[in-house]
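Okay, everyone, thanks for coming. I'll put the structure up, and then we'll talk about the empty space in it.

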Amino acid sequence: MLSRTPPLLRPRDGDALRAELRAVAGRANVPVLFGGEVSAGTLHLTEFFGTRTNGLKGLVIPPSSGLGGRVVLQRQPASVPDYGSAMSITHHYDRPVLGEGIRSVLAVPVLVDGASRAVLYAAVRESMPIGDRTAEILVQAGRRLGTEIAIRDEVDRRLQMLGVLDSNKGNASAAVAEGIRDAHAELRGLAQSVPDGPLRGRLRAVSEKLAALVNDEVEGGDTSVTLSPRELDVLAHIALGCTNNEVAHRLSLQPETVKSYLRAAMGKLDAHSRHEAVVAARRLGLLP
């Protein structure tokens, strides 16, 4: 049993879902957009753009029910050009759907590790297929949201790992410390792979917690040494024994760029070798 679990920093996934629907609304010429998250296989509709009634709000859709439940179960996009007469879906939700005036609907699942985690819908009030451009925009939105949720899941997993390690900090072995360093480097690389914004900041904040976990006591001397995020990214991988070419591959950089960041970090740390730079960074609490 954990003695202390760090509070999760995860914002509501519904906020990210709403942001994607808003982005679709700005790019696609479609009058109605809505969606919701999937929990324990059940879809909960919570986000709406362009609806005129409250009939769809709060609907709970189990697997295989309606178009949304079918998409959750089959894990692939599906559409019906005329909802009321469609033979490929159940009609449990005809009243709220048809009451909204919706006729043609496209539903796209948001997949994370092969499981449906949300569903995005586009709909029109005419019996006509959803256009290819709108469909592609909605599919792209689903992929982006899936990537976002996957990264949030990984951050939460790392935070839970911090809780386990922190509760046993006094007994941490060399192997555990090495595992923390590997996780630290992985998070640094993951942070750089996402767009600049709050999520990148959260990933780097978690990596800093990992560094602090290993460094119970750091020197309180020169606090003027500040490495750039990229310099820390490079050093974190150098600390794992990676060559410049391996660092370049992991961080999607050119080898010469890696050398440049490494030289800059060595200069700031007054180090004359890669090893000295790593030791100095650890002594200052910049690396685990």
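So, the largest cavity: its volume comes out at about 100 Å³. Thirteen residues line it, and Ile61, Gly68, Tyr83, Val97 and Tyr121 are the ones closest to its centre. Keep in mind that this is a predicted model.

Which helix gives the largest share of that lining? Helix 2, residues 66-74, with three residues. As for chemistry, the lining of this largest cavity has eleven nonpolar residues and two polar ones, with no charged residues.

With a cut-off of 30 Å³ or more, we count two cavities. The second largest cavity holds about 30 Å³ of space. Around it you'll find Arg181, His184, Ala236, Ala239, Leu240, Leu287 and Pro288. By class, that's five nonpolar, one polar and one charged. The charged one is Arg181, if you want to find it on screen.

Now for the pockets. The largest pocket has about 260 Å³ of space. It is lined by 13 residues, and those closest to its centre are Glu20, Arg144, Leu145, Glu148 and Pro195.

Where does that lining come from? Helix 1 (13-27) and helix 4 (132-167) each supply at least two residues of it, and helix 4 gives the most, with six.

And how does the pocket lining divide by class? Six residues are nonpolar, two are polar and five are charged. Put that beside the largest cavity, where the lining has no charged residues.

Definitions and conventions:
Residues numbered from 1 in each chain as written. Predicted model: local features only at pLDDT ≥ 70, side-chain atom pairs only at ≥ 80, totals over all residues. Heavy atoms only, no water. 1 Å grid on protein atoms, 1.4 Å probe; cavity = no way out; pocket = protein on both sides within 12 Å on 5 of 7 lines; lining within 4 Å. Points joined across faces, edges and corners; volume = space filled by probe spheres on them. Helix = DSSP H or I, 4+ residues; strand = E, 2+ residues; numbered from the N terminus.
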